[in-house]
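Work through the exercises below with the model in view. Try each task before reading its solution.

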Amino acid sequence: MVFVPHQVSSALYTGISTQLDRLKTALEADRWTFYESHTYLSLSVSIKWYAEHCVVSSLYLNEDFIKLSEEIKDKYFIYDYQTHYRYTLRSQMVDGLYTENNNCLIDKNLIHKDRFKYHKEELFIGRIVKAQRLYIKITEVFPLIDNTFGSFKADTLTVDELIQMRKGEH
């Protein structure tokens with residue numbers, strides 16, 4: 001176990017507690033952004049490390065974090081935007097109507113050839129990828145992450161498009 005002096009434990013506790021308070025304030029004021037989502041994801045790692053290595057009790061930090069998690073779980077969609085794209089998937093039903101599902105996730109490694117370098121130009125209209133056991137075609141790309149639709153919109157391939165792809169025509 002790493003030795004962490006009491007003064008360092010105290011400073012880490014204060015920093016984590018301050019971040020939790022800031023997130024609670026953002027939640028209450030309905031000002032939750034991607035920055036708050038990133039901070040929230042980082043806090044779970046920070047609290048776990050703190051509990052394992054520091055002498056000051058992490059009980060109150062854990063309780064506050066669990067309470068915050070309960071409050072945001074139905075209000076905000078939290079995901080790791082460094083490893084995943086959030087997108088909107090449109091599917092045509094048998095009756096010809098379309099359904100639209102927001103907040104779909106796809107691992108960036110399924111889009112990009114080099115898993116350590118994500119090039120935005122590899123995310124382009126017309127690109128076909130396999131996601132959620134479906135082949136999808138990107139139909140619209142947003143330069144910044146759109147609050148409603150995510151990084152891009154995609155449609156599932158039609159039966160005709162799947163047949164063309166199978167024949168190598170697509």
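Three exercises follow, on layout, overall form and cores.

This is a predicted model, in which local features need pLDDT of at least 70, side-chain atom pairs count only at pLDDT 80 or more, and totals use all residues. Residues are numbered from 1 along each chain, and side-chain values use heavy atoms, without hydrogens or water.

**Exercise 1.** List the elements of the protein in order from the N terminus.

Solution. Start with the counts: 5 helices and 5 strands. Helices are DSSP runs of H or I with at least four residues, and strands are E runs of at least two. Now read from the N terminus: α-α-α-β-β-α-β-β-β-α.

**Exercise 2.** How does the radius of gyration of the protein compare with the globule rule?

Solution. Take the radius over C-alpha atoms; the rule is 2.2 Å times the number of residues to the power 0.38. The rule gives 15 Å for 170 residues, but the protein has 21 Å, so it is more spread out than a compact globule. Then check the spans of the C-alpha trace along its principal axes: about 65 × 35 × 25 Å.

**Exercise 3.** Which helices supply at least two residues each to the largest nonpolar core?

Solution. A nonpolar core joins buried (under 20% relative accessible area, 1.4 Å probe, protein chains only) Ala, Val, Leu, Ile, Met, Phe, Trp, Tyr and Cys residues through side-chain atoms within 4.5 Å. The largest has 17 residues, including I16, W32 and I72. Its suppliers include α1 (6-28), α2 (34-53) and α3 (59-72). α1 gives the most, with 5 residues. A second, separate core has 13 residues, among them Y85 and L123.

Note on methods
Buried < 20%, exposed > 50% of the residue type's maximum accessible area, 1.4 Å probe, protein only.
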